[in-house]
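Here is a short set of exercises to work through with the structure open beside you. Try each task yourself before you read its solution.

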Amino acid sequence: MVQMAVVLSDKVTLLRKILEVEHKNGYSDQAVIGGLDVFLHRWAGSLREGIKDPVLLRKFNELGVATSGYASLSKEQRRDWVGEMREWLDGAGGSSGKDVTVSAPVRRAVAPKSKPQVADTAPGLDSSIINVSGISGASVARFSRLGVKTIRDLLYFFPRRHLDYSQRKTIAELAPGVEQTLVATVWEARKVRLGKGWGAEATVGDETGNMRAVWFNQPYLARRMPVNGHVIFSGRVDMYKGGKVFQSPEWELMEGGDLVHTGRLVPVYPLTQGLWSRPVRKLVKEVVDRWVVRVRDFLPEETRKRCNLLVLPQAISQAHYPDSQERKDEARQRLAFDELLLLQLGVVARKREWQSIAGLAFQVECPEVGRFLSCLPFELTSAQRRAWQEIIVDLGKSSPMSRLLEGDVGSGKTVVATAGLLLAVANGCQAALMAPTEILAEQHFATLCRLISGCGTASGDGQCLRTFTGVLARPLTMGLLTGSMGQKEKGEMQRAIAAGEVDIVLGTHALIQKGVHFKKLGLVVVDEQHRFGVEQRSALRQKGFNPHMLVMTATPIPRTLALTLYGDMDLSVIDHLPPGRQKVKTRWLEPEQRGKAYDFIREQVAGGRQAFLICPLIEESAVIEAKAAVVEYQRLSQEVFPTLRLGLLHGRMSPADKDAVMRSFREGEFHVLVSTPVVEVGIDVPNATVMLVEGADHFGLSQLHQFRGRVGRGQYESYCLLLAGEVSPEGRERLRAIAQIHDGFALAEEDLRLRGPGEFFGTRQSGLPELRMARLSDVNLLEMARSEALRLFSCDPHFGLVEHQPLVRELARVWGNKQGEWS
């Protein structure tokens, strides 16, 4: 008996060695004398009797080993078949020669039992997926591109959607155009000519009739289809010449065991080059079945029951292969709640930690700031006044402000922030404003100089240091610190900042890095789309300061998302534009309309206006068919606008060159500015009335809205023209939305719907955990997660209770446990 098992195991090992030789020989069918088909025909029959594992047996039959027709396959098809066969052999224990699942049909007297491959002896959930049977080194690299590196990642590698193949019908009941499942007998299968290539066709039937099933470009399936066997088919049915036809359906043999590809809610996973849907589906199913039992539910039992949620292992399993639509929804509810709770706990902990050390309470009754606001050439909008009141309430407290100021392009955030900077200086402190790029820091410097000079007298060189008298009770000094400054000039500015001689400092994040020291920093304003993270706050603390913090974003963020991602910050929204702002007319143009767009730019320039022309890349790319700015600039200058003056702006230019180009464009020396997306945020040219965006389908809605916001800043009617070539369905949705919707908050909601919160806000770049299952429409779930987070902090502020330790460990894992904090 034992001998029989050993013989079978030897057969598995022998075939594996043969397939390795076949792989090395480039699938030339020369690994054995007479070809692989002859060997497989002899080998398969004797092995089939000894396979007791129903999953392995079903896959063995699906591979059609005895009738593989290997010799007639192309080299690519041979490679695929050999790969599938080797995966099967791995599952059968062939890689090690052990008799794991291939056994003799008689009882074995095995002594003692070898260690079974169960959870207790397997690698941990955070070990590499290379430990999963059937995953090769090449597959590890492919999964890594999808963010899957560990077994835990694979368990959380959730489907994008599910195909509903649960509705079983007879042939007579099948309806065209609907996803359905059929159980039928295969009467005939053959290789046929389909269109320009070869495919497979099968005639199948049940008690109500017969029909055809066809698969394009997969002729080898004709040999795998078991004639007279019972098969499950799932997919859409079409009508052809009056008869019903399954077009490339999924299929499985009726051999018992769990269905994977048919007859149920079937998962559709994200893929990348080299990964295919059927093998990935099969792999995830096996990993979930084997490994999900090792997942420990970190949610406190009291919380789980109060919120009526599934246990975690069950939720993971049902998220992949749900028993029903109801179970799928329950699984998503649990997993989305987990994401939102962990996010809320992390950001609330950040806020508590940030405010645990006292800051400086400002005297907010300040006549000088009131005079500055009254000297402005315009009145603040009601939204600006509301935001300012919320800010000064925070500044009057000893706990440091942590506030997000959000508003659409041109809503007037900078004016409100400037008032805050002046209030800090009036209270004897220094203030800093940080921008994401040097060109924007320089523009902020110019803007603040213009605003403040309205109620005072300015002196200084105007480039990087200005002094104002008559604004405050003493002279006010404002400086600009950038990386492109000369060493001597930079050193002098750093010395002046350290001595407290500069009251308001503008620059990039370099302001809070080593070499820059403040005498008394009271307020930091951050102007950027991405988050001002824990590392920057820690850098401030290390300098001995715990200043008030105001973060501005020009990307309108829906309140639900802001409460989720910015749970550690209070929220102020400027949701009304100042009077007189133009609504920019937006048009989506086909490539053949490019000439009309150029004519329109000529008309606008003839009327004294200027135009932006945006190209997404500065180098030619074979992957993204977008015009490179450098090449496009040359073409436009020589062929399209030879009589106009064109400027060029791109990210590889030096900061000094960028500034010179922008200054020239702002002063009207150029008619058209050809630029890469460096122009996206903040640059202000009131005379520009046309924004032409090439390759518009490659940008997100929020980015397109930022481009549009560069025009319409003056008194003239303005236009945004979007040119796109071959556009994907998702790209079409984005372009339709930007053409129809002008409200930045409504666009942000649409962008979230189309791209999801992670891609919309770049949570990977922002240091936040990625959201896979949570939706921004889950308002009730968001509120429940926030409520539970506050409840947990209330009953256990330091998370020291034993029952909360699994949750603490999960928080540390998700947030990275940096510097001993969850965040």
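**Exercise 1. A residue with an unusual phi**

Is Phe799 buried or exposed?

Solution. Keep in mind that this is a predicted model. Start with the place: Phe799 lies in the loop between α26 (779-795) and α27 (805-815). Next, take its relative accessibility, which is 4%. The cut-off for buried is under 20%, so Phe799 counts as buried. Now look at the backbone. Most residues other than glycine have a negative phi. Phe799 is not a glycine, yet its phi is positive, about 50°.

**Exercise 2. A second positive phi**

Find the loop that holds Asn217 and decide whether this residue is buried or exposed.

Solution. Asn217 sits in the loop between β5 (209-216) and α7 (221-224). Its relative accessibility is 57%. Exposed means over 50%, so Asn217 counts as exposed. Like the residue in the exercise above, Asn217 is not a glycine but has a positive phi, here about 60°.

**Exercise 3. Describing a ring pair**

Describe how the rings of Phe157 and Tyr269 are arranged.

Solution. A pair of aromatic rings is described by the distance of the centres and the angle of the planes. The structure holds 10 aromatic pairs. In the one formed by Phe157 and Tyr269, the centres are 5.6 Å apart and the planes are at 10°. Planes under 30 degrees apart count as stacked, so this pair is stacked. Then trace the chain: Phe157 is in the loop between α6 (151-155) and β1 (161-164), while Tyr269 is in the loop between β9 (265-268) and α8 (277-291). The two residues are 112 residues apart, and their pair links distant parts of the chain. Both Phe157 and Tyr269 are buried. Finally, ring pairs join Phe143 to these two in a cluster.

**Exercise 4. Checking a helix**

Compare the expected span of α8 with the distance between its end C-alpha atoms.

Solution. Helix α8 has 15 residues. The rule is 1.5 Å times one less than the number of residues, so α8 should span 21 Å. Its end C-alpha atoms are 21 Å apart, which agrees. Now look at the side chains: the buried residues of α8 include Val280, Leu283, Val284, Val287 and Trp291. Lys285 is also buried, and its charged end sits over the ring of Tyr321, 5.6 Å from the centre. For another lysine and ring, see Lys191, which lies over the face of Trp198 at 5.0 Å from the ring centre.

**Exercise 5. Two strands side by side**

How many bridges join β6 to β8, and which way do these strands run?

Solution. Strand β6 (residues 230-240) and β8 are joined by four bridges and run antiparallel. One place to look is Ser234, which stands opposite Glu250 in β8. Along β8 (residues 250-253), Glu250 and Glu252 point one way, whereas Trp251 and Leu253 point the other way. These four residues of β8 are all buried.

**Exercise 6. Far in sequence**

Work out how far apart Arg736 and Trp588 are in sequence and in space.

Solution. Arg736 is part of helix α23 (residues 729-740). In sequence, Arg736 and Trp588 are 148 residues apart, but their C-alpha atoms are 7.5 Å apart in space. With a relative accessibility of 41%, Arg736 counts as partly exposed. For the chain as a whole, 53% of the 823 residues count as buried.

Technical notes: Residues are numbered from 1 along each chain as its sequence is written. This is a predicted model: local features need pLDDT of at least 70, side-chain atom pairs count only at pLDDT 80 or more; totals for chains, interfaces and linings use all residues. Side-chain values use heavy atoms; hydrogens and water are left out. Rings of Phe, Tyr and Trp (its six-membered ring) pair if their centres lie within 6.5 Å; planes under 30 degrees apart count as stacked, over 60 as edge-to-face and the rest as tilted. Buried means under 20% relative accessible area, exposed over 50%, partly exposed in between (1.4 Å probe, protein chains only). A charge sits over a ring if NZ of Lys or CZ of Arg is within 6 Å of the ring centre and within 35 degrees of the ring normal. Two strands pair if DSSP finds at least two bridges between them.
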